[in-house]
Amino acid sequence: MNPVIETILAHRSVRSFEDRELSKEQIETIVRCAQAGSTSSYVQAYSIIGVTDDEKKKQLAEIAGNQMYVADCGHLFVFCADLHRHEVIGQMEQADVLPSVESTEKFMVGVIDATIAAQNAALAAESMGLGICYIGGLRNNLPAVCEILHIPERVVPLFGMVVGYPKKINQQKPRLPIEHIYSENCYPQNESEYINQLEDFNKIVQDYYIKRTNGKRNDTWTSQVAKTFEKQSRMYMKDFVKKQGLNKQ
């Protein structure tokens with residue numbers, strides 16, 4: 001064990017923050033740590049927008065499902081897959097980059113780069129004693145997010161991240177057993193064993209909810225996930241991404 005591993009393993013989402021802003025030094029450190037993350041072929045296909053305007057934060061909180069901690073946190077970061085920069089580079093270098101910019105591969109590069117950067121930012125923040133929570137709810141209405149943040153073509157906001165001084169820290173939710181996540185040399189082939197592992201994990205999650213809520217909640221993990229996938233939420237995403245000039249070929 002070491003402090004880095006301890007910080008990683010202690011992670012839990014924080015949704016209640018003190019009324020206290022992050023300093024410029026903290027914000028810069030978090031962004032520099034995000035930038036230190038790996039990036040595919042050094043293309044750095046992402047951007048981070050810090051939202052400090054109170055009205056914009058309130059609008060984004062409403063989009064995210066009225067999650068008011070989006071507005072009431074130390075700082076709000078929005079992570080974007082960004083290939084606008086690379087379109088500009090093509091113009092600068094008189095190179096035909098558009099087929100690549102519009103490809104599924106480069107869109108995936110942008111998503112992966114942004115996600116790696118975000119996780120570095122999260123670990124940096126937590127190592128400072130701050131709490132974080134990813135905000136996927138921004139994807140409820142990305143056209144509105146783009147309008148609020150003046151986001152150009154070739155850029156897709158992926159998620160937000162609220163950071164701040166925790167007022168309340170929740171219990172840590174159980175994770176799937178390592179043998180269900182990690183396998184060697186091939187994907188797990190034994191479907192019945194796969195199902196048995198999920199059933200075992202259901203018991204762990206059910207026990208967690210019973211203890212956390214004093215018996216008011218007893219749902220399982222697979223029932224939660226099934227309900228989530230039944231919703232068919234944000235089904236506009238394919239058309240939106242193409243409208244932004246990405247993932248077109």
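This passage describes a four-stranded sheet, a helix that lies across part of the sheet, and a cavity, all in a predicted model.

The strands form an open sheet of four, in the order β1-β2-β4-β3, and their pairing is antiparallel. At the edges of this sheet stand β1, which covers residues 46-51, and β3, which covers residues 131-135, each of them pairing on one side only. On average, and with direction ignored, neighbouring strands of the sheet are turned by 25° against each other. Within the sheet, β2 (residues 75-82) and β4 (residues 155-164) are joined in the antiparallel sense over eight bridges, and histidine 75 is placed opposite valine 163 in β4. Helix α4, formed by residues 84-93, lies across β1, β2 and β4, and the direction in which this helix runs makes an angle of about 50° with β2.

Empty space inside the model was also examined. A search of the whole structure returns one cavity of 30 Å³ or more, and the space within the largest cavity amounts to about 30 Å³. The lining of the largest cavity consists of Ala34, Gln35, Gly37, Ser38, Thr39, Gln44, Tyr46, Asp113 and Ala117. When these lining residues are grouped by class, three are nonpolar, five are polar and one is charged. Two helices, α2 (24-35) and α6 (104-127), each contribute at least two residues to the lining of the largest cavity.

Methods. Residues numbered from 1 in each chain as written. Predicted model: local features only at pLDDT ≥ 70, side-chain atom pairs only at ≥ 80, totals over all residues. Heavy atoms only, no water. Pairing = 2+ DSSP bridges. Axes fitted to C-alpha atoms, helices over the stretch in contact; angles between N-to-C directions. Contact = heavy atoms within 4.5 Å. 1 Å grid on protein atoms, 1.4 Å probe; cavity = no way out; pocket = protein on both sides within 12 Å on 5 of 7 lines; lining within 4 Å. Points joined across faces, edges and corners; volume = space filled by probe spheres on them. Nonpolar A, V, L, I, M, F, W, Y, C, P; charged D, E, K, R; others polar.
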